[in-house]
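This report walks through one protein model, taking up local backbone features, strand pairing and charged side chains in turn. Please keep the sequence and the structure in view while reading.

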Amino acid sequence: MQDILFNILKAMGWFFLNPLFYVILLLIGFHAVTRVKRERSDFRVRVYDTMDDFVNGIVPGLLIGLIFSVLSVFAGLYLSFGVIAVMSVFYIVLGLTLRKNYFNPVFAGTLTYLAAAYMPPFETGVRIVDGWLVDLQDASLGMIALLVAALLVVEGILIISIGGKNTSPILLRGKRGKGIGAHVISRIWFVPLFVLVPGSVVATSDWFPLLQIGEASVGFALAPFAIGFHHVVSQSMPEPVVKNIGSRFFLLGLILLAGSVLLITFDLEMISIVIVGLAVVGRNALILYYRKLEIKRAPYFSAMNEGLRVLGIIPGSPASKMNVSIGERIIKVNGRKMERVEDFYGAVQSSASFVKLEVLNFSGEVRFVQRSLYENEHHELGLLFAQPEKAKRRKVVG
């Protein structure tokens with residue numbers, strides 16, 4: 001028991017020596033700062049603090065990583081240090097693109113698989129690197145495919161559970177040049193995962209690991225993984241679309257996970273290229289499908305004949321305490337009809353101490369919301385709307 005605990009602590013030590021861990025944190029911070037700058041450019045105020053990206057990017061990943069670590073170890077997910085190192089290098093290279101959808105285990109894992117399967121043997125003269133390359137040549141292709149499929153399942157779970165929370169509003173120009181509003185779902189989730197590696201602590205037996213890896217003994221390694229995801233929703237409320245995408249990812253990952261287990265069980269690892277190939281093609285096909293829907297359908301957050309549709313609500317603002325939801329329409333403010341965003345600002349400022357809103361909800365019913373205003377509170381209540389004249393980005397959506 002003491003040997004196992006020591007091995008776990010050693011695995012955590014190797015984890016902090018992996019540069020990918022620090023690259024993940026740097027990229028989360030970089031994208032958080034970029035998001036805040038964009039929000040200030042569009043709305044003159046940040047919607048969510050930069051810490052939101054760290055909290056929602058790290059905490060859920062830690063929890064699900066712990067659960068999947070238990071499952072992966074007892075299932076016998078076996079990776080050499082060379083495979084982990086090479087995959088980390090591919091992750092870092094993909095991170096340099098600054099595209100979250102590329103900073104993903106489907107791409108990093110597939111590149112690692114191709115290197116293990118098809119890269120000819122060679123030496124660099126650097127002892128540690130040559131050791132990694134030897135590990136890579138001897139790697140189990142089925143295990144790499146299993147890892148890719150498992151992390152696709154994890155991505156689906158994360159998108160379903162928290163992908164639609166705290167989405168960032170953005171102003172865009174549609175295909176006809178009209179300004180519209182949209183929501184950006186953009187995260188990098190940090191998912192540390194315990195896996196089995198060559199070692200001398202835990203010997204294989206009839207029950208552990210479940211997927212036998214021969215007569216070799218194994219130890220533990222804590223490996224950092226990242227799951228990047230980015231999507232822009234303009235044709236509806238963001239949460240239903242995000243959950244739909246997450247459900248498709250989860251189902252695809254589950255099918256591929258079952259397939260990879262069967263290939264390993266029946267010693268058909270050489271055709272595991274089908275698993276990683278379907279992971280790449282399937283995930284990209286789903287993303288392209290939902291992007292195509294954004295182009296075909298009419299924008300949801302756009303200028304309307306009557307009222308203003310709420311695009312965003314600043315946390316901690318008066319609006320966040322007034323029972324107003326994103327997607328509802330503000331018909332009147334202090335008795336004045338709303339046709340333009342300027343009408344809203346003028347009506348709110350006409351009364352320094354009190355505001356009364358006439359709100360049209362999702363059921364088509366009108367309700368009244370009122371509140372006293374206090375000194376130093378946000379003069380625009382904290383409600384954000386699509387402002388066509390401020391839309392600068394020429395992205396074709398809607």
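With a relative accessible area of 32%, Asn-166 counts as partly exposed, a class that lies between buried (under 20% relative accessible area) and exposed (over 50%), as computed with a 1.4 Å probe on protein chains only. Asn-166 sits in the loop between H7 and strand S1 (168-173), where helices (H or I, at least four residues) and strands (E, at least two) are DSSP runs numbered from the N terminus. The phi angle of Asn-166 is near 55 degrees, a positive value in a residue other than glycine. Most residues other than glycine have a negative phi. Asn-323, which is not a glycine either, has a positive phi of about 60 degrees; it belongs to the loop between S5 and S6 and, at 58% relative accessibility, counts as exposed.

**Basis and confidence**

This is a predicted model, in which local features need a pLDDT of at least 70 and side-chain atom pairs count only at pLDDT 80 or more, while totals for chains, interfaces and linings use all residues. Residues are numbered from 1 along each chain as its sequence is written, and side-chain values use heavy atoms, with hydrogens and water left out. The pLDDT, which is the predictor's confidence in each residue on a scale from 0 to 100, averages 87 for the protein, and 87% of the residues score at least 70. Over residues 201-212, however, the pLDDT is below 50, although this stretch has 37 contacts in the model beyond near neighbours in sequence; contact here means heavy atoms within 4.5 Å. Where pLDDT is low, the predicted coordinates should not be read in detail.

**Overall fold and strand S5**

The protein has 10 helices and 10 strands, and buried residues make up 52% of its 398 residues. Among contacts between residues at least 6 apart in sequence, 74% join residues at least 24 apart.

Strand S5 (residues 308-313) is mostly covered, with 6 of its 6 residues buried. Two strands are taken to pair if DSSP finds at least two bridges between them, and S5 pairs in the antiparallel sense with strand S6 (residues 329-333) over 2 bridges, Leu-308 having Ile-330 as its bridge partner in S6. S5 also runs antiparallel to strand S10 (residues 383-385), to which 3 bridges join it, and here Ile-313 stands opposite Leu-383.

**Salt bridges**

Side chains of opposite charge can pair when their charged atoms come close. The structure holds 8 salt bridges, each defined as a side-chain nitrogen of Lys or Arg within 4 Å of a carboxyl oxygen of Asp or Glu. Three of the pairs are set out below.

| Salt bridge | N to O distance |
|---|---|
| Arg-283 and Glu-155 | 2.7 Å |
| Glu-328 and Arg-367 | 2.8 Å |
| Asp-343 and Arg-340 | 3.8 Å |

In the pair of Arg-283 and Glu-155, Arg-283 lies in helix H9 (residues 273-296) and Glu-155 in helix H7 (residues 141-162), so the salt bridge ties together parts that are 128 residues apart in sequence. Arg-283 and Glu-155 are both buried.

Glu-328 lies in the loop between S5 and S6 and Arg-367 in strand S9 (residues 366-372), so this pair ties together parts that are 39 residues apart in sequence; Glu-328 and Arg-367 are likewise both buried.

In the third pair, Asp-343 counts as partly exposed at 22% relative accessibility, whereas Arg-340, at 51%, counts as exposed. Elsewhere, Arg-35, Glu-39 and Asp-53 are linked in a network of salt bridges.

**A buried acid without a salt bridge**

Glu-269, in the loop between helix H8 (238-265) and H9, is buried yet has no salt bridge, the nearest side chain of opposite charge being that of Arg-283, 23 Å away; in this count Lys and Arg are positive and Asp and Glu negative, while His and the chain ends are not counted. What does the side chain of Glu-269 reach at 3.0 Å? That partner is the backbone nitrogen of Gly-142, and a polar contact of 2.5 Å also joins the side chains of Glu-269 and Ser-140. A polar contact is a pair of N or O atoms within 3.5 Å, of which, within protein, one must be able to donate a hydrogen and the other to accept it, and residues adjacent in sequence count only if both atoms are side-chain atoms. Leaving aside neighbours within four places in sequence, the residues in contact with Glu-269 include Tyr-113, Leu-141, Met-143, Leu-263 and Ile-264.
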